[in-house]
Structure formats: structure tokens, C-alpha cells
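This briefing is meant to be read with the sequence and the coordinates side by side. Please keep both open while going through the points.

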Amino acid sequence: MNLVVTITTLKFNGLPYDLTMIDPDHIAITYGSSGTNILDVIKLSSGAVEKEIPTKQFAKKHFITQDCFGISYWDDKLYVMVETVGIVVLDTSGTALETLPIDTEKGRKIVVFKDRIYYTNRKKNTVHCLNTLGQELWVYRDKSIVEPCGLAVANNLDVFVSCSKSNNVIFIKCDGKDSKVLLGKETI
């Protein structure tokens, strides 16, 4: 199978923070705290913004716009980490379907895979695993995790976390009970 890649220059409405692939021709982008107050759905083949989703709809109880950080696509839904609100679940048209009211102060990265939601909290130096109803399955905290900023999940649900302040990559078993530093000062 040959993959044809067309490179298009994309224009962003702010400073991109995170992105997720919706399908081979569409991505969704968040802008963190850059003051943009929107999410964009961009068509890659044309470079055009197909949909601007205003973030103020996520803050119905608060009368301010909210910053959106991590974003993940799974099962025809976008999951967005919205500061002080929680994880907002959207359909691809941008309609908020539900909000999982979790503590997202300094929550940054999110990955949704199979029936689980994973996210990092840079303030608490933790990695969380929830079910899709928002119920916490496990929380991982260890002195080796300082300012977690990258997150990936393997097919067997093992978790990989990169940390900016501790300058390492951590492997966490799928049950959240064991971990190992894969890459860091002490492993080089």
C-alpha cells in the first residue's frame, strides 16, 4: 500500500497546544492558554479551518471562556481537557454531549483509547485512568514523575509518560500498579 502525502501549509488561529487525528483528512487543534478561546477542525488536504468551536459553551456555570489543553478523538467523539471545567465530550460538529467534572487544574494531556480515558496533571504530578463514565480506575504518583507533559497508550493499555521537569520517560503497567523509568539521566 502506497501512502501519498500532500504537504499543505496550515494557518492557525493562535498558538497550537495539542491536536488529534479525526480521520485521514481532518485534525482538531486546541490552543491552550493563548487567548484564542476556540477549537479548530482543519481539513488537511486544503489547509482550511472547517469548523471553529467556541470554548465559552464549555463554561455554562462560569461566565468566562475556558482554556482547552489536551484533546483526543475516539469513537466519533472529541474529548477535551478544559481547565477548571473537566473533560468535555463533543460530537464532531462541536456540540457538547457531556462534561466529566474532574479536577482539571493543570490537567494537560489526554488520551482516550478503548473504554478508558487517561490524562496527566502537571500540578499534582499524576497520571489518571478513568472509564468513559468518568469514574477513576487508578491514579499513578511517583517521585520520578515531575510535570508530566506527553502521554501515549499501547494496545495492551500500558501507558508511557514523558516528563519535562524530571527529564524522563516512564512506563506504567496497564493496572497502574508498577512502573519503570525507560529513559532518563540514570538510564543513559
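What follows covers sheets, hairpins, nonpolar cores and salt bridges in turn.

The model discussed here is a predicted one. Two open sheets of four strands are described, one with the order β5-β6-β7-β8 and one with the order β9-β10-β11-β12. The structure also holds five salt bridges, and its largest nonpolar core has 16 residues.

**The sheet of β5 to β8**

- The four strands β5-β6-β7-β8 form an open sheet in that order, and their pairing is antiparallel.
- At the edges of this sheet stand β5 (68–74) and β8 (96–100), each of which pairs on one side only.
- On average, neighbouring strands of this sheet are turned by 20° against each other when direction is ignored.
- Strands β5 and β6 run antiparallel and are joined by five bridges, and Trp74 has Lys77 in β6 as its bridge partner.

**The sheet of β9 to β12**

- The order β9-β10-β11-β12 describes an open sheet of four strands, again with antiparallel pairing.
- Because β9 and β12 stand at the edges with a single partner strand each, one side of each is left without a neighbour in the sheet.
- Neighbouring strands here are turned by 15° against each other on average, direction ignored.
- Strand β10 (residues 116–121) has five of its six residues buried, so the strand is largely enclosed by the rest of the structure.

**Pairing and hairpins around β10**

- Five bridges join β9 to β10 in an antiparallel arrangement, with Val111 standing opposite Tyr118 in β10.
- The hairpin of β9 and β10 has two residues between the strands, and in this hairpin Lys114 takes a positive phi near 55°.
- Towards strand β11 (residues 126–131), β10 is joined by six bridges, and these two strands also run antiparallel.
- Within this pairing, Tyr119 stands opposite His128 in β11, while Asn121 has Thr126 in β11 as its bridge partner.
- The hairpin that β10 and β11 form has four residues between the strands, and Asn125 in its turn has a positive phi of about 55°.

**Nonpolar cores**

- In soluble globular proteins, nonpolar side chains tend to be buried together.
- In the largest nonpolar core, which has 16 residues, those with the most contacts inside the core are Tyr118, Val127, Trp138, Val159 and Ile172.
- At least two residues of this core come from each of the strands β9, β11, β12 (136–141), β13 (148–153), β14 (159–163) and β15 (168–172).
- Strand β14 gives the most to this core, supplying three residues.
- Leaving aside residues up to four places away in sequence, Ile172 touches Val127, Trp138, Tyr140, Ile145, Asp158, Val159, Val161, Asp178 and Ser179.
- Another core, of 14 residues, lies apart from the largest one, and Ala28, Ile53, Cys68 and Val82 are among its members.

**Salt bridges**

- Side chains of opposite charge can pair when their charged atoms come close.
- Among the five salt bridges of the structure is the one in which the side chains of Lys43 and Asp25 meet, at 2.9 Å from N to O.
- Lys43 lies in strand β3 (residues 38–43) and Asp25 in the loop between β1 (18–23) and β2 (26–30), so this pair ties together parts that are 18 residues apart in sequence.
- Lys43 counts as partly exposed at 25% relative accessibility, whereas Asp25, at 19%, counts as buried, because buried means under 20% relative accessible area.
- Another salt bridge brings together the side chains of Asp75 and Lys77, at 3.9 Å from N to O.
- In this pair Asp75 is exposed, with a relative accessible area of 51%, and Lys77 is partly exposed, with a relative accessible area of 27%.
- The side chains of Arg108 and Glu83 meet in a further salt bridge, at 3.5 Å from N to O.
- This pair links distant parts of the chain, with Arg108 in strand β9 (residues 107–113) and Glu83 in the loop between β6 (77–82) and β7 (86–91), 25 residues apart.
- Both partners are buried, Arg108 with a relative accessible area of 8% and Glu83 with a relative accessible area of 14%.

Note on methods: Residues numbered from 1 in each chain as written. Predicted model: local features only at pLDDT ≥ 70, side-chain atom pairs only at ≥ 80, totals over all residues. Heavy atoms only, no water. Salt bridge = Lys/Arg side-chain N within 4 Å of Asp/Glu carboxyl O. Buried < 20%, exposed > 50% of the residue type's maximum accessible area, 1.4 Å probe, protein only. Pairing = 2+ DSSP bridges. Axes fitted to C-alpha atoms, helices over the stretch in contact; angles between N-to-C directions. Core = buried A, V, L, I, M, F, W, Y, C linked by side-chain atoms within 4.5 Å. Contact = heavy atoms within 4.5 Å.
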